[in-house]
Amino acid sequence: MKITVAGAGYVGLVTGACFAELGNDVICVDIDQDKINKLNQNIIPIYEPGLEELAIRNKKEGRLTFTTDLKNAIKESDIIFICVGTPPKENGEADLSYVDSVARTIAEVMDSYKVIVEKSTVPVQTGEEVKHTIKAYNSHNVEFDVVSNPEFLREGSAVNDFMKPDRIVVGCESEKAKKIMQKIYEPLKAPILFTDIKSSEIIKHASNSFLATKISFINAIANICELSGADVEKVAEGMGLDKRIGRSFLNAGIGYGGFCFPKDAEAFIRISEKLGYDFKLLREVQEINSNQRRNFVQKIEKALWVIKGKTIGILGLAFKPNTDDMRFAPSVDIISQLQKEGAIIKAYDPEAIDRAKSALKDVYYCNNPYDVAKDADALVIITEWNEFKQLDFKKIKSLMRNSLIIDGRNIYNPEELKQEGFSYISIGRKEVV
Ligand code: NAD
C-alpha cells in the first residue's frame, strides 16, 4: 500500500519504518526541514533501539522516503497516518493545531478516496472535528474515511512494541476503511479490536491514565511503607503475584514523566470537564506524582543538611531508560530545585546529554558514572539505566567525598550497599545509614 506518515517524530518515524519493513511504500513527512535533511543523510534524529538499522535499510531498498512536501505525499498515498504532536496548551488541553493543519492540507489536495488515520493521541470527539474540517475544506468533494488508530508503543522498545503489539485498536465507521486497516495490519498477526471512533479515542486516554494511576498508587503505598517501616518492594511483589493486579507499573520511585502520561492525564481531565465530568481520581493521581518529586528533593536536603555549595552527582537524565527523550523528565524539576538551593550539579546519562543541555543549564556533564562520583557529596539515581545497576562500588566510594547514595528508582539492594559502606536512601524502604 502507499502510505503517508505525517510527522516524523518518535511515533511517526517508528510507524513509517515499520510499515515500510512490512512491504509498503511509505513517505514520511515533517515540517522540520533540518530533521528531513538529517534523515535523508541517514542520520536518525532520535535514539530508539533498532530504529536506525530499520530506517536506513528500508530507505536504501526504496520503500521509505523522507520529505517536507506533504501535498505531494498525500496525492500519492491511499492512507495518511497523522502522527504529529498534540502537546499541552497552557490550560492543559491538547493543542490540536498540528492535527488541524494536516487535516486542512489533506482536504485541499485530496482528489481520490483516502483513509485518514489519527494515530496521534487526541481527546474524544477529535475524529468528528477532523471529519468536519476535511469536508469543509475539500473542494473536490471526494469520498474519504476518518479512522482512529491510537499508538501504544513505548519509547525505548518502540520498534518491538509496534511489530508485536498486545492489541491494535481501530475505530472506524465504514466497511471499506475497516478492510483497508485489516489488510495493513494483517502481517503483524496481532488481535485487532474494531470499535467506533470515540471509544477508540477514549481507549488511549484511559489506558495511559490507568497506568499513571498504578504508578501513583504504588507511590502512595511507598509513603505508608516509609511511615510504618514496611518494604514497598515486597508489597509490590505480593500484590503483583495476584493475576488480577499484575506486577508491571508497580515500581515505586520519583513518579512518571515523559511526553505521554503527564500530558495525556491532563488532557483527559480537561476533556472530561468539558463533557461535564469532574475526574477527581485522576487529579489526585497527578497530585501524588508531583508530591513524589517534591518529597525526593526533601530527602536529598535532609540527608545533606545544607545543600548550598554541595556537589551532587546525578545518574540518569532521560525520563526513562533506553531513550534520549527529556520531555517532562523528572530530572529537570529535581535538578532545577537543587540548583535553586545552591547545589553544584554533575550529571551523566548514556543517551540524553545532548537533549538535556537545552533543558538544564550550569550542569557539569560527565562521560561516565565514575566521573560523576568524583568529589561528589551525594550520588542521586534518577533514571534506572541498566548501566547503573552494575557499578564498581569500591571505586565509587573511593572517588566520592561522602559515601551517600539517594536512589529514586530502588535499583540497589540496601543491605549490599550497607556492606559496601554507603548510607543509602531509597523509596518506600528503610534507610540504611
Ligand atoms: P514528536 O514531537 O516527536 O513528533 C511530532 C512531529 O510532527 C515533529 O517532528 C513535528 O515537526 C511534526 N509536525 C508538526 N506539524 C506537522 C505537519 N503539519 N506536517 C508534518 N509534520 C508535522 O511527537 P511524538 O512523541 O512522535 O508524538 C506524536 C503523537 O503520538 C502525540 O500525539 C503523542 O501523544 C502520541 N504518542 C506518543 C508516544 C511516545 O511514546 N512518544 C506513544 C504513543 C502515542
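**View 1. Two domains contribute to the shell around the ligand.** In this predicted model, domain 1 (2-195) and domain 2 (231-433) each supply at least three residues to the shell around the ligand. The ligand is surrounded by 25 residues. Among these, the closest are D30, K35, T86, E155 and K263. Sorted by class, the shell holds 11 nonpolar, seven polar and seven charged residues.

**View 2. Side chains of T86 and K263 beside the ligand.** A ligand oxygen atom lies 2.6 Å from an N or O atom in the T86 side chain. For K263, an N or O atom of the side chain is 2.5 Å from an oxygen atom of the ligand. Both T86 and K263 are listed with the closest residues of the shell. On its own, the ligand would expose 830 Å², and the protein buries 91% of that area.

**View 3. Helices in the shell, and the backbone of Y10.** Helix 1 (10-21) and helix 5 (97-109) are the elements that give two or more residues to the shell around the ligand. The largest contribution comes from helix 5, with three residues. At Y10, the contact is made by the backbone: one of its N or O atoms is 3.0 Å from a ligand oxygen atom.

**View 4. A right-handed β-α-β unit built from strand 7, helix 8 and strand 8.** Helix 8 covers residues 175-185 and forms this unit together with the two strands. Strand 7 (residues 168-171) and strand 8 (residues 192-195) run parallel and are joined by four bridges.

**View 5. Pairing of V170 with a residue of strand 8.** Which residue of strand 8 is the bridge partner of V170? The partner is F194. In a regular strand, side chains alternate between the two faces of the sheet.

Key. Residues numbered from 1 in each chain as written. Predicted model: local features only at pLDDT ≥ 70, side-chain atom pairs only at ≥ 80, totals over all residues. Heavy atoms only, no water. Near = heavy atom within 4 Å. Polar contact = N/O pair within 3.5 Å; in protein donor to acceptor, adjacent residues only side chain to side chain. Areas by Shrake-Rupley, 256 points an atom, 1.4 Å probe, with all protein chains shown as cover. Nonpolar A, V, L, I, M, F, W, Y, C, P; charged D, E, K, R; others polar. Domains from an automatic or database assignment. Pairing = 2+ DSSP bridges. Right-handed = clockwise from strand over helix to strand, strands pointing away.
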